[in-house]
Amino acid sequence: MSHYKIVIAPDSFKESMTAKEVAQTIQEGFQNIFDEHVIYEIIPMADGGEGTTEALREALDATNYTVKVKDPLIRDIEANYARSDKHQTAIIELAAASGLALLDDNERNPLCTTTYGTGQLINDALNHNVKKIILGIGGSATNDGGVGMLQALGISFKDQYQHEIQPGGINLANIERIDVSHINPKLQDIEIKAACDVTNPLLGQNGAAVVYGPQKGATQKMIPKLDSALNHYHDKIELELNKTIKHIPGAGAAGGTGAALLAFLDAQLQPGIEVVLEETHFTNRVKDANLVITGEGKIDKQTIYGKTPIGVAKASKAFHIPVIAICGSLGKDYQEIYYHGIDSVFSIIEHPGDLNDALQNGTRYLTHTATNIARLIQLKIKGTTIDKEIF
């Protein structure tokens, strides 16, 4: 009997399992049914947000490092990033130093939160001779246009009194001049690839402040002020750098950090899942597969907009490979995924219950679901030659 190859490439199930744990659990479920004629390849995935460092660390043979940095409210914390000295590449998540998860609900306030700590992580990577930085910019607590990050990297933003502006999104309105002459010289000839899971422009109704401000603690009164401050910031960028980036998709990502990366650091903004697919060499690893299994914590209509399962499915369909998705729960209009490369989807929820139950028992439920899927596939392949034609 010929070998049957299954590629397992899920995202994490947030608050329950990492992407690698999800993949290993799915493999265990399949091994309950299939024998040694099935080979598995585990490729943990992410889409630029939480879990990106973990997914890429394995692919690049990188090591985790801990650095003392400032959190969004300028408090001292320790944050992790990964670095591969072999590939001279750093993998940094903005959320590690400047993320919403670092703040209590009552601390969320984009008027005063900053990305400074993210700049500190970049500096540490530069001090270790990296030539490439992969920066995941999901999950920010900020609306400061990436100015805090840039200040940490040596760029100065002066007010009318020639003082450095204070942290926070509201203080972008005080920028009078920008001085890039003291930027960290190690940024020269560095490739920065920003894994970005949104396409919002910088300003206006679809911009950083209006769309994402509320989840970061912005009240309705704050939002016009934050948007106006970002607008002033962009005016200064146009004036001093002769660059117009406000309409570029992704400029509004991470409270405008996308704009900073474009204007000051010549970064590439790419959908996070595309970055992860490239860096994991997914195409080469999947092309001889018979089946691909992907998934994430929740699958709904939003999944089709740059999320992991669809990125994995599209890459797999280039080789006409069947794709099954497994998720924690199914949301509204999840059926849209069937038009984007996924052939079938399964939720692991076994009975009515609360979220806490699902999170606590996710591994057990996922094992059961994977085993049941394997049983279904076994019905199809019983007595047939295992090859790409089985479906």
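This passage describes salt bridges, aromatic contacts and selected buried positions in a predicted model.

Charged pairs make a good starting point, with 15 salt bridges counted in the model. One of them joins the side chains of Asp-288 and Lys-5, with an N to O distance of 2.8 Å. This pair links distant parts of the chain, its partners being 283 residues apart: Lys-5 belongs to strand β1 (residues 4-8), while Asp-288 sits in the loop between α10 (282-286) and β11 (291-299). The two ends differ in exposure, since Lys-5 is buried at a relative accessible area of 10%, whereas Asp-288 is partly exposed at 46%. Nor does the pair stand alone, as Lys-5 and Asp-288 are linked with Glu-41 and Arg-285 in a network of salt bridges.

Two further bridges show other combinations of burial. Asp-71 meets Arg-75 through their side chains, again with 2.8 Å from N to O. Here the acidic partner, Asp-71, is buried, with a relative accessibility of 2%, and Arg-75 is partly exposed at 33%. In the bridge between Arg-108 and Asp-105, the closest N and O atoms are 3.7 Å apart. Asp-105 is exposed, its relative accessible area being 63%, and Arg-108 counts as partly exposed at 26%.

Asp-159 offers a contrast to these pairs. This residue is buried yet has no salt bridge, and the nearest side chain of opposite charge, that of Lys-158, is 8.4 Å away. Because a salt bridge requires the nitrogen and the carboxyl oxygen to be within 4 Å, Lys-158 at 8.4 Å does not qualify as a partner for Asp-159. Asp-159 lies in the loop between β7 and β8 (177-179), where, leaving aside residues up to four places away in sequence, its contacts are Ile-165, Asn-174 and Glu-176. Lys-158 does take part in a polar contact, made between its side chain and that of Ser-156 at 3.1 Å. Ser-156 is in strand β7 (residues 156-158) and counts as buried because its relative accessible area is 11%, under the 20% limit. Beyond its sequence neighbours up to four places away, Ser-156 touches Glu-164, Arg-177, Ile-178 and Asp-179.

Turning to the rings, the model holds 5 aromatic pairs. Among them is the tilted pair of Phe-30 and Phe-34, with 6.0 Å from centre to centre and 35° between the planes. Both partners are buried, Phe-30 at a relative accessible area of 0% and Phe-34 at 10%. Elsewhere, one aromatic cluster is formed by Phe-157, Tyr-233 and Phe-264. A ring also meets a charge at Tyr-65, where the charged end of Arg-83 sits over the ring, 3.8 Å from its centre.

Helix α4 (residues 116-126) is mostly covered, with 9 of its 11 residues buried. Including Gly-117, Leu-121, Ile-122 and Asp-124, the buried residues of this helix pack against β3 (63-70), β4 (76-84), β5 (89-93), α3 (94-98), β6 and α5 (147-152).

One of these packing partners, strand β6 (residues 132-136), contains Ile-134. Ile-134 is buried, with a relative accessible area of 0%. Residues up to four places away in sequence aside, Ile-134 touches Leu-56, Leu-60, Thr-89, Ala-90, Ile-91, Ile-92, Lys-193, Val-275 and Glu-279. Ala-209 lies 75 residues from Ile-134 along the chain, and their C-alpha atoms are separated by 25 Å.

Note on methods. Residues are numbered from 1 along each chain as its sequence is written. This is a predicted model: local features need pLDDT of at least 70, side-chain atom pairs count only at pLDDT 80 or more; totals for chains, interfaces and linings use all residues. Side-chain values use heavy atoms; hydrogens and water are left out. Helices (H or I, at least four residues) and strands (E, at least two) are DSSP runs, numbered from the N terminus. Buried means under 20% relative accessible area, exposed over 50%, partly exposed in between (1.4 Å probe, protein chains only). Contact means heavy atoms within 4.5 Å. A polar contact is a pair of N or O atoms within 3.5 Å; within protein, one must be able to donate a hydrogen and the other to accept it, and residues adjacent in sequence count only if both atoms are side-chain atoms. Lys and Arg count as positive and Asp and Glu as negative; His and the chain ends are not counted. Rings of Phe, Tyr and Trp (its six-membered ring) pair if their centres lie within 6.5 Å; planes under 30 degrees apart count as stacked, over 60 as edge-to-face and the rest as tilted. A charge sits over a ring if NZ of Lys or CZ of Arg is within 6 Å of the ring centre and within 35 degrees of the ring normal.
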